[in-house]
Every structure is written in structure tokens, then in C-alpha cells.
Amino acid sequence: MRKILLAGNWKMHGSKAMVSALLEGLLAAPRRETPDMVVFPPFPYLAQAQSLLAGSPIAWGAQTLSPEAQGAHTGEVSASMLLDLGCRYVLVGHSERRTLYGENDADVAARYAAALAAGLEPILCVGETLQEREEERTEAVVERQLEAVLDRCGVEGFERGAVAYEPVWAIGTGRTATPDQAQAVHAFIRGKVAYRNDIIAGQLRILYGGSVNGSNAADLFAREDIDGGLVGGASLKAEDFLAIRDAVT
Ligand code: PEP
């Protein structure tokens, strides 16, 4: 049985005051039954997240990492630094990293491997653009993104990590994939992993991302292969993120 994972990607939003208010808001609304929850603040706020969330059921992680272990890489942040700040998870290959910062499949696979090697739980983001969907290339694109990591890390690389299916056309647009559209791609991803190892595939959490909110989460997460969400906009206010949690518990 896979437990729902609710992940909040704050992107480049926040301030010390906002981080305190948001995390205190999340901590002030406990529930006995809760999905696994993780927030992804920008790097400068990870230490603040660590001091506010340590000992709570909410985990924290980073939005990306360097594939390098250390050295002359100005501006980069390594996996061991993230571990030092108590991170458990790290996002890898978010579509904004791919499109705005030129990360290709090999770069993403290298980052995924670096996270795994350090003991972090990477969440691999995959997904097609609108044009790719309209050209009926969704499966080919997602397969290519997935296989890059499978080839580099082996299927064992997904024993600890997770996948987030995020159709690019649904990110930050208010346009959500229908539960049927999302389920079809999630089943495709699980099938690709199962082809190599069906036990690992059965345990793998595959999150959906793309304009998830308190109104659409329950229908999405009820589908067989949708094991939670990667949430952008609706993770920036405690009440909005909690509305998603409350919709699925
Ligand atoms: C995201 O940032 O990964 C995301 C899915 O954003 P949003 O929920 O705002 O579409």
C-alpha cells in the first residue's frame, strides 16, 4: 500500500517572515491521519525550515542540487550540504530547470544519481509540453526522461526515490490534467518501471503535479496510480496546502 505524499514546491518565493508564517500555519493544524508531507523552500530558507520543522511530521527538501560532490562550482549546492540541513527529499529535473536552465536528460540523471548516492530521496519530475501532447508524443517524452534515470541508476534507483508526472501545460496555468489523463500517464510510468522490476514498481510513489488544489486533489489522488501531488501555487499558503491535505484524509 503506497502512502500519499503531498509535496509543496515553493519555487523562488518567500522571505523569512513568509516562511515562519507558512510553516507555523501548517504545524498549527495537526491531524491524526495525515499523508506524508514535504515542503521545498528556496535554499536560503532550508535552515529556517529545519529549525521550525525538526521533530514534526513535515519533512523538508531542496528544489534541485548539484551533480558534483564539492569543489569549484560557484553558486551550486551539493547533496551533502542538503543532508547537513536535514533535507530528506530533493526535486530533480523540474520542468523549469529543464526549460529555463537547460538541464537535459543526462544532467537530470546525474543529479538523481548524486542525490541517491548521498542518501537523499530524489523526486524525478517528468512531463510533456502542450505541443508534445498535441502531437501525441506524451508517452515518448515521458519514457525518454524516465529511461535516462533508469539507465544511469538502474531500476534500484527507484527503490528510494519517487516520480512526479507534471504536464508542463498544467504547471502554474490553472489548467489541470483530468484524472483520466493523469492516470493514463501514471500507469504508463509504472508499467515502464515494472518491465524492469514489478516489486519496485508496485512500491514506487508517482505524484501528479499541475495546478493541484483543494477542489481537484481528491479526484486525482483517488486514481489507482496517483500517489499524491507536487504542488506549486497552492503550497504557498498554509490554508491552501492544508485544504489539499484535508481533501485526501
Ligand atoms: C510545480 O511547481 O511543480 C507545480 C505543479 O506548480 P502549480 O501547482 O502551481 O501548477
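Start by selecting E136, which sits in the loop between α6 and α7. What you have open is a predicted model, so treat each stop as a look at a prediction. Colour E136 by accessibility: its relative accessible area is 74%, so it counts as exposed. Now check the backbone here. The phi of E136 is near 60 degrees, a positive value in a residue other than glycine. Why pause on that? Most residues other than glycine have a negative phi.

Step back one residue to E135. E135 is in that loop too, with α6 covering 130-134 and α7 covering 138-153. Is E135 buried, exposed or partly exposed? Its relative accessibility is 40%, so E135 counts as partly exposed. If you like distances, draw one from the C-alpha of E135 to the C-alpha of R98: the two are 37 residues apart along the chain and separated by 20 Å.

**Along helix α5**

Next, select residues 105-118, which make up helix α5. This helix has 14 residues and reaches 20 Å from its first C-alpha to its last, close to the 20 Å expected at 1.5 Å a residue. Show the surroundings as a surface and you'll see how the helix is placed: ten of its 14 residues are buried, so α5 is largely enclosed by the rest of the structure. The buried ones are D105, V108, A109, A110, R111, Y112, A113, A114, A115 and L116.

While the helix is selected, look at both ends. At the start of α5, a side-chain oxygen of N104 comes within 3.0 Å of the backbone nitrogen of A106. Just after α5, click on G119, which has a positive phi of about 100 degrees.

Now zoom in on D105, in helix α5. With a relative accessibility of 16%, D105 counts as buried, because the cut-off is under 20%. What does the side chain of D105 make a polar contact with? Show side chains and you'll find that of R144, at 2.6 Å.

**A pair of rings**

Stay with α5 and pick Y112, then add F158. The model has two aromatic pairs. In the one made by Y112 and F158, the ring centres are 5.3 Å apart and the planes are at 50 degrees, so the pair is tilted. Follow the chain from one ring to the other: Y112 is in α5 while F158 is in helix α8 (residues 157-160), so the pair ties together parts that are 46 residues apart in sequence. Both partners are tucked away. Y112 counts as buried because its relative accessibility is 0%, and F158 counts as buried because its value is 1%.

**Around the ligand**

Select the ligand and show the residues around it. There are 14 of them, and K11, E166, G172, S211 and G232 come nearest. By type, this shell divides into four nonpolar, eight polar and two charged residues.

Go through some atom pairs with the distance tool. From an oxygen atom of the ligand to an N or O atom in the side chain of K11 is 2.8 Å. The side chain of E166 also has an N or O atom by a ligand oxygen, at 2.6 Å. For G233 look at the backbone instead, where an N or O atom lies 2.8 Å from an oxygen atom of the ligand. On its own the ligand has 290 Å² of accessible area, and the protein covers 95% of that.

Before leaving, click on S211. S211 is in the loop between β7 (206-209) and α11 (217-221). Its phi is near 60 degrees, a positive value in a residue other than glycine.

**Two more loops**

Select S78, in the loop between β3 (58-62) and α3 (79-84). At 4% relative accessibility, S78 counts as buried. Its side chain makes a polar contact with the side chain of S80, at 3.2 Å.

Last stop: R31, in the loop between α1 (16-27) and β2 (36-40). R31 has a relative accessible area of 37% and is partly exposed. Which residue should you select with R31 to see a link across the sequence? Try D246: R31 and D246 are 215 residues apart in sequence, and their C-alpha atoms are 8.9 Å apart in space.

How values were computed. Residues are numbered from 1 along each chain as its sequence is written. This is a predicted model: local features need pLDDT of at least 70, side-chain atom pairs count only at pLDDT 80 or more; totals for chains, interfaces and linings use all residues. Side-chain values use heavy atoms; hydrogens and water are left out. Rings of Phe, Tyr and Trp (its six-membered ring) pair if their centres lie within 6.5 Å; planes under 30 degrees apart count as stacked, over 60 as edge-to-face and the rest as tilted. Helices (H or I, at least four residues) and strands (E, at least two) are DSSP runs, numbered from the N terminus. Buried means under 20% relative accessible area, exposed over 50%, partly exposed in between (1.4 Å probe, protein chains only). A residue is near a molecule or strand if one of its heavy atoms lies within 4 Å of it. A polar contact is a pair of N or O atoms within 3.5 Å; within protein, one must be able to donate a hydrogen and the other to accept it, and residues adjacent in sequence count only if both atoms are side-chain atoms. Accessible areas come from the Shrake-Rupley method with a 1.4 Å probe; for residues, only the protein chains shown count as cover. Ala, Val, Leu, Ile, Met, Phe, Trp, Tyr, Cys and Pro count as nonpolar, Asp, Glu, Lys and Arg as charged, and the others, Gly among them, as polar. The expected span of a helix is 1.5 Å times one less than its number of residues.
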